[in-house]
Structure formats: C-alpha cells, structure tokens
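Visitor: Please show me the structure. I would like to go through it by question and answer.

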Amino acid sequence: MADVDATLTGNRGLALEEAVIFEQDSPGLSGVDLPQPVPGNDRLGGLGRSGAIGLPGLSEPQVVRHYLRLSRMNYGIDSGLYPLGSCTMKYNPRLNERLARLPGLGGLHPLQPISTVQGALELMDACAHWLKVLTGLPGITMAPAAGAHGELVGLMTIRAALEARGDARKRVLVPESAHGTNPASAHACGYAVESIAANVRGRVDVGALKAKLDADVAAIMLTNPNTCGLFENDIIEIADAVHDAGAFFYCDGANFNAIVGRVRPGDLGIDCMHLNLHKTFSTPHGGGGPGSGPVVLSAPLVPYAPLPMVERRGDGFALVEHAGDSSAHPLGRVKGFHGQFGMMVRALAYMMSLGSDGLRQVAEDAVLNANYLLARLKDTLSLPFEGPCMHEVLFDDSFLKDTGVTTLDFAKAMIDEGFHPMTMYFPLVVHGALLMEPTETESKATLDQFIETVKGLAERARAGDARHFKDAPRLTPRRRLDETAAARNPVLVWRPPPPQAAE
Amino acid sequence: MGIVRYTKEHEWIRVEDGVGVVGITKYAQEQLGDIVYVELPEVGAGMTKGAEAAVVESVKAASEIYAPVGGEVTEVNQNLADNPGTVNTDAMGEGWFFKMRIADTDEVDRLMDGVAYQEYVESLS
C-alpha cells in the first residue's frame, strides 16, 4: 500500500530514517587522527595485514547518530509496558546497576589471585545462600550461563547421580504445558523425550503421567506455574509418583517470579530447578545483558554439582576448581570461569534491597496485576481455562472468530497504539494464543490504558473493520514485514553491491 | 488414485500399489500458516505408527509430523527443501512429504476416511 504521508527524506517527523552503516561508508573518514607510524621493523613476522578489513569510513558524530537513531526505533521496558513480561526482561532497578558498576566489582578479572577477590567470593556465596533459602533446597551451582544451560546442567547432574547408583535411565517426561526449552534440553542430554498431555484445566494430566512412569524414566521436567500461567495444583502427588518410580523431579524455575517468597520448591518435592536471574531477580536480559541460570539441588544431587564451587574455609573463601580438591563427585566444568558474576551482583542487590517482605510482594503484585488483566478483559477476549491465573494470563483467539482478524493482525494494531504486543501463538496448547505478563512494576493507570486499548481494538474487530488490522502497523518506521519471505530467504549478512560494469 | 486415509494429527496417507504417500492436510497447512521449512526423514528409516517422522516449521510454530502407519521410508520429496510453500499451495498433491513401504495394511484400514475426517475437522471449530 502506498504511503499517503510520504516525505522527501523518508523521515517521519522526528522518527529518523537510517541506512545500514556500511552504506554510509566515506573512505578515509575516521573519528580519530593518528600520526602515520614510523616505517621500520614491525615485528609481525610477515603476518601484517595485506588488504582492507571492510570497515566503513565514518565521522564520530555519524557513528553516534547512527546508534542513537537505531535505539530510538527500539522498544523496551524502559519505554513502556512490555506485555511479553519477564521472559524477555522485567524492570531493572537502577540500584542494581549502580552496585554492579562499583570498580571493586565491575573491574575484577577472573584470573586475579584468590586472596585479592575474597569479597567477590563472599558475594557469590551470599547470593547462593539466599537462593537456597528462597527455594528450600540444600545445594546450588552458580555456573550455568543462562536458563536453558541450567536445564542441561541440571539434567547432567541427574544423569551423574543415576549412573553413580548403576541405574542409567533413558527417558525424560515433559508435559505439554512445560516450557519449549525443556524437551530440547532433555534431548541435548541424550534422553528420549515423551510428551504428557494436558487436561481440560490446562494442567498436567496426572493419570497420563503415571501411566508413563516406570523404571526407565530418569526425570520429569515440569514448569510451575506452567506456561499457561496456571499453578500445577497436583504437584505434590506428581512429586510422590516420580520419586516412587525412582526418578528425579526437575522443575523449570522460569516462572519462580510468581511464587518467590510464598512457596519453597523444596517443600513441593522438587529435586532440581534452574533460576533465570532475569525473570525473578531483575537482571538485564533480552539483548541487554547475559543470562544467568543457577541451579538448586536436592540432597541426593548435591555431590554431583559441577565446578567451580565457592567454599567457606576458616575466615575466608576458597574456589574449588578441580575435582581432586573436592570431597564430592563433581561432574566437571560447564562454563569458563565462574558463571555470570555481574548478574550475581545485581541479583544479590535486588534480594537485599527488597528483603523477604519485598520479595514476597513481588510475587503478590505480579499475580495481582495479571489477575487484574484477566478480570477486566475476560468478557472482551476469550479465556481457554478458568482463572484465577498466576503471573501471566492466557487468552485464545475465539473472540476474533468470523471477524477476519487474526491474532497476528491484532498484535500489529497494538503497535500503532504504542504498545509492544503480547506473546502470540504460544503456548501451542490453545488456538491463536495471546499471553500477557504485565509484571509487578506496572501501575494501575498503565494497566488501565492497556486494557482500554485492547477493548477498543476488540470492539473495532467485531464491528467489521478488518482493514484497520490488515494494514497495521501504519505508524512505525517500517510497515508490516514479510515474515514468510524473511524465513524462507533470510539475508543475514550485508554484502557490498556488485561493482557497476564500465560503460 | 489410490485410497486416502487421515489421522487425528492431520496427516494423510494415499496408498498406491502398496506404497503409502504421506503429507499433511489442507486444514493442517491452513492452521500452521506459511510454511518456511520442512525436515524430512532419511530414506530407509524404519518407523512405527505414531513415531515422529518429520518436522514442519511455519511462521507461527514448529510441529512434528507423525507416521500414520508403520513401515520404511522409501523416498522423500526433495522439492520441499527449496520450496516449502508447496505444502501451502498443494498440500494433498505436490506437497507430499515422503513415501513409505507399509508394514501392515490393517493399520491403514483403521484410519479415518475422507468423510470421517471432514466430520472430525468440523468438530474442532
């Protein structure tokens, strides 16, 4: 569709058009002006560069403007409500950032002598301690680089424990309502994956689970609250059945933010759980920072936790880095150095600034906000499962039936209204899913504006104005992108245009 | 044309001279949306009924395709590697996934015929 508001520059008001940086190349331009090196022996032994390296020539202000303009096309939690929720990232309190930038923490090198980093080890130990307290489990590894890595490390620990008792098993059970990374992690750990159906209430079908449990099942991987935003109320019965079969109970801790301070997973019979520090403990993520996925462990798994381990010795702390220095049976290293230290600083800052009552309120407010959306939108949108929900609320697309508008169109229309869309088409257990997680930091005023927008759009769809949705987004730097062509013929690398043939 | 039978997972199998041709139904491709990638089994792979046989990826989701009956894969549709959209444009014809030698023809007989499948699809909406 032709753009009715086309401008001479391609800019739209103060939303500036910006070319790929390589297309702005002016050979010879540079932000710095250094004297030519004095010719002589370069000591490179013939390994000196022989050709250009393909970087564009640009002035300093050009580079600054380029990245600033790109950043203005971005949308994130610091711009407004972000209904994808903590999966991407929830609000990062600035206090965490300030502490992580203290020179004594931010400027550390991972190979410094242990005697010079006693404070950092104490910090890792304190962070580990509070994570164990909050989960009610006796052991932890801080090493995993992110949540999915934590899943793999947790399963490797389970495998090590089973093999140590001469009971190597072959299968892992994963309910349909679990996170999508769970079957991938089990497969990566060498297990055959079997799916367990959900019941009509959107929870694990306990009968179907028990029918599949036998002496060949190494573990079940459950997500609680599950990916429909529902608490698995049969979890104690599930844990008992899993343990009776001699298997371990892995819980995906991604949604721990819904229950932190209120429920200790260890009390539910869970053996192993990763904690996505960005989800529950407000560290940066989703392009803003590395993940971090500590894994808490029950007593039978503790001896097999990977290296390194921080241990209190006398008045100080030691870092156990070699299996020979350990009294247990560690499964070795799973990551270089000591895990994502900067994230541990932020997570500890978050826990200590909020305290136990504050963390409990995080869970309560997250659940309250999601249920506020549920209560005010359930008559406008369609709920596949009866509420109440936990920290996120799931709708399906039956409210759009016969309107000619799809979930995707609806999401694109929300962008024109200044909202990032919710999670779409996931989880797969419902048709045309719209999953919303407001998180605990959003005010009632923000939620009300979001709710009125969703209601207004739903009304418009039902009034027969499908065109409005099919044309969306209209007000963005780019109109609707061709996702199919992008997936079928992805262009991932910029290449210089072929040289023009001489006339 | 041989007989065509359907599964509840929206695969179809057409039996021609004892060989089964397998694909996904028109309804399945509509639900998936534009298909961008198809992962096919190895020729010679043996599979039991209901085993994971292929993966189809659309702009919305990645889904497993299950073997409608047991048997051995004899040929795969190489055209889908470059033109996955064929599944959208001709799901029941050129968009076939693989051919298989059928281990037990009784398994075919137990699948739904066209009328039963149509009724099943209508019951879903």
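The turns below go from the whole chain to its parts.

Guide: This is a predicted model, in which local features need pLDDT of at least 70, side-chain atom pairs count only at pLDDT 80 or more, and totals for chains, interfaces and linings use all residues. Residues are numbered from 1 along each chain as its sequence is written, while chains are lettered from A and ligands numbered from 1 in the order in which they are written.

Visitor: How many of the residues in chain A, in percent, are buried?
Guide: A residue is buried if 20 or more other C-beta atoms lie within 10 Å of its own, exposed if 12 or fewer, and partly exposed in between, with C-beta atoms placed from the backbone. The C-alpha trace of chain A spans about 80 × 75 × 45 Å along its principal axes. Of the 503 residues in chain A, the buried share is 39%.

Visitor: What distance separates the centres of domain 1 and domain 2 of chain A?
Guide: The bounds, from an automatic or database domain assignment, are 95–351 for domain 1 and 356–484 for domain 2 of chain A. Contact (C-beta atoms, placed from the backbone, within 7 Å) involves 19 residues of domain 1 and 18 residues of domain 2. Taken over C-alpha atoms, the centres of the two domains of chain A are separated by 31 Å.

Visitor: How many helices and strands are there in chain A?
Guide: Both are DSSP runs numbered from the N terminus: helices are H or I with at least four residues, strands E with at least two. By that rule chain A has 14 helices and 12 strands.

Visitor: Which side of H12(A) is exposed, and with which residues?
Guide: Phe450(A), Val454(A), Leu457(A) and Ala461(A) are buried in H12(A). They cover an arc of only 65 degrees around the axis, taken from the directions from the helix axis to the C-beta atoms, so they lie on the same side of H12(A). The exposed residues are on the other side of H12(A): Lys444(A), Ala445(A), Asp448(A), Glu452(A) and Glu459(A).

Visitor: Which helices are included in what covers the buried residues of H12(A)?
Guide: An α-helix has 3.6 residues a turn, so residues three or four places apart point the same way. The cover over the buried residues of H12(A) includes three helices of chain A: H10 (341–377), H11 (407–416) and H13 (466–470).

Visitor: What span should helix H12 of chain A have, and what is the distance between its end C-alpha atoms?
Guide: The expected span is 1.5 Å times one less than the number of residues. Helix H12 (residues 444–462) of chain A has 19 residues and should therefore span 27 Å. Its end C-alpha atoms agree, being apart by 27 Å.

Visitor: Which residue of S5(A) stands opposite Ala219(A)?
Guide: Strands pair if DSSP finds at least two bridges between them. Strand S4 (residues 217–223) of chain A, with seven of its seven residues buried, runs parallel to strand S2 (residues 171–175), joined by three bridges. S4(A) also pairs in the parallel sense with strand S5 (residues 248–252) over five bridges. Opposite Ala219(A) in S5(A) is Phe248(A).

Visitor: Why is one side of S10 and of S11 in chain A left without a neighbour in the sheet?
Guide: The open sheet of three strands in chain A has antiparallel pairing and the order S10-S12-S11. Strands S10 (393–395) and S11 (423–424) of chain A stand at the edges, so one side of each lacks a neighbour in the sheet, because each has a single partner strand.

Methods:
Two residues are in contact if their C-beta atoms, placed from the backbone, lie within 7 Å.
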